[in-house]
Amino acid sequence: KKRIHFHEWMIDVHSRLHKRQKGSSANTDSTADDLVEQVAADMMKEAWLLCFDEFQVTHISDAIIMKRIFSVLFELGAVVVATSNRPPKDLYLNGLNRPLFLPFIPVLEAFCHVHDIGAEVDYRMCSTRDEEDDRVYITPNGSDEIKLLETKFAKICQGHVRFGVQVETQGRRIVVPRCAENSDVAWFTFKDLCDKPL
């Protein structure tokens, strides 16, 4: 099985497609559908049970290939379990060229059972204590808010912080100013990510 954030999984799909496309440039008989089939087959060898967190579609590049890749995955026997804030009919709502995406919705509904979980409890807030600040967005960006973020970061890191680590993504190395050693949390400023080419 594979448990992964859906957006992260789609990045992996595009990365694999890109590698396959580069490798098949000598073979002009390969079509885009052939490449998608090959990527889907490779992914099935790694895991037939796919568990997605936050199944949502926001990019046209994802929307265009979803019907094809999921059709192949379902044909090969994949089982998909996913959480989403939207029912299938509302995926990619108001998205660019949405009519190209719409054929995917019946495929998803044919292979998946949709369960509406109308919980009154927001479980994301269960880990906060009464005296803790439980805001999802911490604004404005003043000294009190920076101190609060530092406190939350320190709590998650539990004193185990690394500095200047590098991660590689899509062939690029990115310097992580601070990160936790034992979890997937990192500290970046806006300037770190958006004021320079990565």
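1. In this predicted model, strand 4 (residues 161–169) and strand 5 (residues 172–180) are antiparallel partners, joined over eight bridges. At the turn end of the pairing, T169 stands opposite R172 in strand 5. The hairpin of strand 4 and strand 5 has two residues between the strands, and Q170 takes a positive phi near 50° there.

2. Strand 5 also pairs with strand 6 (residues 186–187), again in the antiparallel sense, through two bridges. C179 of strand 5 stands opposite A186 in strand 6. These two strands form a hairpin as well, with five residues between them.

3. A separate sheet lies earlier in the chain. It is open, has three strands in the order 1-2-3, and its pairing is parallel. Strand 1 (2–5) and strand 3 (79–82) each have a single partner strand and stand at the edges, so one side of each has no neighbour in the sheet. From one strand to the next the twist averages 20°.

4. Within that sheet, four bridges link strand 2 (residues 49–53) to strand 3 in the parallel sense. F52 faces A82 of strand 3 across this pairing, standing opposite it. Helix 1 (residues 6–23) packs on the sheet, where it touches strand 1 and strand 2; the direction of helix 1 makes about 100° with that of strand 1.

5. Turning to the interior, the largest nonpolar core holds 34 residues, and W9 and F70 have the most contacts inside it. Two or more residues come from each of helix 1, helix 2 (32–46), strand 2, helix 3 (60–75) and helix 4 (104–111). Helix 3 is the biggest contributor, giving eight residues. As background, nonpolar side chains tend to be buried together in soluble globular proteins.

6. Which residues does F70 touch, not counting those up to four places away in sequence? They are F6, W9, F52, F55, V80 and F104. Two of these names recur above: W9 shares with F70 the most contacts inside the largest core, and F52 stands opposite A82 in strand 3.

7. Apart from the largest core there is a second, separate one of five residues, with F153, C157, A180 and W187 among them. Two of the named residues can be placed by their numbers: A180 falls in strand 5, which covers residues 172–180, and W187 falls in strand 6, which covers residues 186–187.

Key
Residues numbered from 1 in each chain as written. Predicted model: local features only at pLDDT ≥ 70, side-chain atom pairs only at ≥ 80, totals over all residues. Heavy atoms only, no water. Pairing = 2+ DSSP bridges. Axes fitted to C-alpha atoms, helices over the stretch in contact; angles between N-to-C directions. Contact = heavy atoms within 4.5 Å. Core = buried A, V, L, I, M, F, W, Y, C linked by side-chain atoms within 4.5 Å. Buried < 20%, exposed > 50% of the residue type's maximum accessible area, 1.4 Å probe, protein only.
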